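User: I would like to know how some of the labels used for this structure are justified. Please set each value against its cut-off.

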Amino acid sequence: MSAGGSAGGATGPAVPRRGRTRWALLGSVLLLAGLAGITSALDATAPRADRSAPAVADLEPTVLEAPIPCRRSDPDEVVAAIADRLRPGRVTAAIVVACPRLFDGREVVHVGEVVGDVLRRDGGAWVTLNDDPYALELGPFGAHRERAGFNTGLAVHLPDGTHEDLGPAGRYGRRGAVLRVEGVLERADAADGGGLTIRARTVEVLAPAVAAPVPVDPTLAAAAAIAAATAVVALLHARRRRRT
Amino acid sequence: MSAVLRPTVEDLRLIGFYLGRVLTGLGLLMLVPVPLAVVMREWNALSALVLGAGIAVTLGALADAHLRSRRQLGWSHGMVVVALAWIVGSAVAAVPMHVSGRFSDPLAALFEAVSALTTTGMSVINDLDHLEASMNLYRHLLQIAGGLGILIVVLALFSAGGSRVSTLYVSEARDERILPNVLRTSRFIARVTAAFGVAGTAALTVALLVAGFRPWRALEHAVSLFFSSFSTGGFSVMQSSMANYHAPAVEVIVMLVMFAGMLSFGLHHSIWSGDVGEVRRHVETRTLALVGAGLVVLMTFGLVRSGAYTDLGAVLRRGLFTLVSAISSTGHQVNAGDTYLSDWGVLAPAALVGAMAIGGMASSTAGGIKALRVALAVKAVVHDIRRFLLPESAVVVTTYHVGRRRILRPDVSRAATTVLLLFVVSFLLGTMVALTYGGIDVTQALFESVSIGANIGISIGVVRPGMPSLLQLVYVVQMLLGRLEFVAVLVLVGYLLSFARTPRRRRRSA
């Protein structure tokens, strides 16, 4: 590459112009702040569509009010004390991963949205059932703009005869079927190389897979068009400067 | 004229010119997922990517038009360009992410972009499982670009000769020039990546089809998995990471790709040239073999003793994969992060922390302290002990093998131990800041800090959407310091401080 140009440094001013260097630095900081401002404004003006209706109207309570962590080094009495507090209801991914020992080999109920892919093999199908707010309350992000954190879910193996009519799994623009599964939780499922899974016995479809259309953001589209046009003009300008 | 001591307009012009090239490259990278967005009818992602590309290309073109300079890049320029390229580049790369709405504020989007480019792989994205395919591809593209060294790839593409950009090559934390010039070295790196890309993606596609994926989804996951594994980045298409697949074949292929990613490109060159003996002689291979074997034993013992797994197959499958993921600095997870704390006992997570801290080989896509520095630091200690034990008149010479046999000089061992110490300081700093927030115990804080500071990405649950802003900022700094191995960032700090010093000097002279 030849970096030589009409504005060459070798013929530049002998006395360093400190003021200009500071302005250049200040300009860079302002540029970054401007970028943050523009993107924040675009985020704020995006269409705020209504959240989807909750996938399941009367969701059964969870087995614990909130996750109670335990460690593998904790004595059995600690886990037994947590077990005493269990009430009838469903497990959530957060409750299970906080203390997997508590549920190992137990019969559990789990409710969640099928996301990603339905992997049909091993005498059934592997699915991930998410039980986060996007799955059960708000619907997929994009159709609405409410942020509710990470996805959380559990791996479930559905036996043959229970997974054939699930419909497409949840992805962008689509909420997957919401299932209620009953089965045995395996903390270290040997058939899955030690994975934490639920081996489902019964499967009930609480809500079918539905489209969750994402509204097009006209302001963002206009901003993109302006940015693209500006880039083309800037490229042409640079090309002309190079030639002269 | 030294840029650090007396930065002038011409210095800034030169730095701005090269920074512009990087931004143009980033802009072009943002356009790669655009066809996918069109095919998948992901209109908002399309707008976000075009907006980001437009801004990046505009800035790059303006720099090209107005900041051309005849000056040669000096070392200080190179360092400052590299540091700024990663900071400003991350800020521009964050534009499409922030306007997607999935990040709580600009800092969170910046965190994601820095995590992608530095190949850390931790994420604070909301609802990843319903993310647009094109936006997911963009996240993974950033990782492969960052892993290969975005600056050097971009500059090699735009440059006709390599002499001026060689300073940038070294400044971007690459110690080894494989071929006589940087351009040829960059092309070799691109060839290696392409070869592994074709083979890895094909193998992963087949394995995913066998695992039950439909063809299009198999290809989509395979491409992303290759990018995140070879770059040792660790982003995943789904929140459940590798646990999404339930497929040993996929895990084995990903392990092989991660392993290839953590090898130095110098070693790749030796293997491609038929010099397989270099693998045996190379000090980093020996170090990693020794350390890896020790960590496998420690991990296996820890998992068996804690009772996490009773089946040896499970111990090896979960333990070995996670260990390779950690030492290669990739960060793919086969377990939910919280279970490392709740279900793996104490010894196995400790082995993981050790693996994460050491990391892969120098001049690879991997992060961490690097096996080379660990080896040199150990050799320096042994050298000193030998000097004390032998008669004063004895000449003690310590050697190591990297491409050829080299004598361990004091400046080399000092540089290795200095960076090693700086990594430790970074780990401790991140731990301290996390602990000030309460609700996080020392195990979690240390694990997360090492994972962030060494650009690994295995999370134990501290990093999540809505995490405290100061902690997020500290983690951003840690990721950048870890990727650039401190020197370039520290030079930039010195450069900026020099502006603050000037007025006082001028006042005194007045």
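User: What makes strand 3 of chain A and strand 6 of chain A a pair?

Analyst: In this predicted model, 3 bridges link strand 3 of chain A to strand 6 of chain A, in the parallel sense. A pair needs at least two bridges, so the 3 bridges found here are enough. One residue to look at is A:His157, whose bridge partner in strand 6 of chain A is A:Arg199.

User: Which closed arrangement do these strands belong to?

Analyst: They belong to a closed barrel of 5 strands in chain A, in the order 1-2-3-6-5, and its pairing is mixed. From one strand to the next, the twist averages 50 degrees.

User: How do you know that strand 1 of chain B and strand 2 of chain B pair, and in which sense do they run?

Analyst: Strand 1 (residues 399-402) and strand 2 (residues 404-407) of chain B are joined by 4 bridges and run antiparallel. At least two bridges are required, so the 4 bridges qualify them as a pair. B:His401, for example, has B:Arg405 in strand 2 of chain B as its bridge partner. The two strands of chain B form a hairpin with 1 residue between them, and B:Gly403 in the turn has a positive phi of about 80 degrees.

User: Why are helix 19 of chain B and helix 20 of chain B called oblique to each other?

Analyst: Helix 19 (residues 410-435) and helix 20 (residues 442-453) of chain B pack at an angle of about 135 degrees, with axes 8 Å apart. Roughly perpendicular covers 65 to 115 degrees and roughly antiparallel starts over 145. The angle of about 135 degrees fits neither class, and therefore helix 19 and helix 20 of chain B are oblique to each other. Their crossing is right-handed. By class, the contact between helix 19 and helix 20 of chain B has 9 nonpolar, 5 polar and 1 charged residues.

User: Why does B:Val487 count as partly exposed?

Analyst: B:Val487 has 19 C-beta neighbours inside 10 Å. A buried residue needs 20 or more, and an exposed one has 12 or fewer. Because 19 falls in between, B:Val487 counts as partly exposed. B:Val487 is in helix 22 (residues 487-509) of chain B. Its C-alpha atom is 11 Å from that of B:Gly78, although the two residues are 409 residues apart along the chain.

User: How many residues of chain A and chain B are in contact with each other?

Analyst: There are 81 residues of chain A in contact with 82 residues of chain B. The chain A side divides into 43 nonpolar, 22 polar and 16 charged residues.

Key. Residues numbered from 1 in each chain as written. Chains lettered and ligands numbered in written order. Predicted model: local features only at pLDDT ≥ 70, side-chain atom pairs only at ≥ 80, totals over all residues. Contact = placed C-beta atoms within 7 Å. Nonpolar A, V, L, I, M, F, W, Y, C, P; charged D, E, K, R; others polar. Axes fitted to C-alpha atoms, helices over the stretch in contact; angles between N-to-C directions. Parallel < 35°, antiparallel > 145°, perpendicular 65-115°, else oblique. Left-handed = near helix turned anticlockwise from the far one by under 90°.
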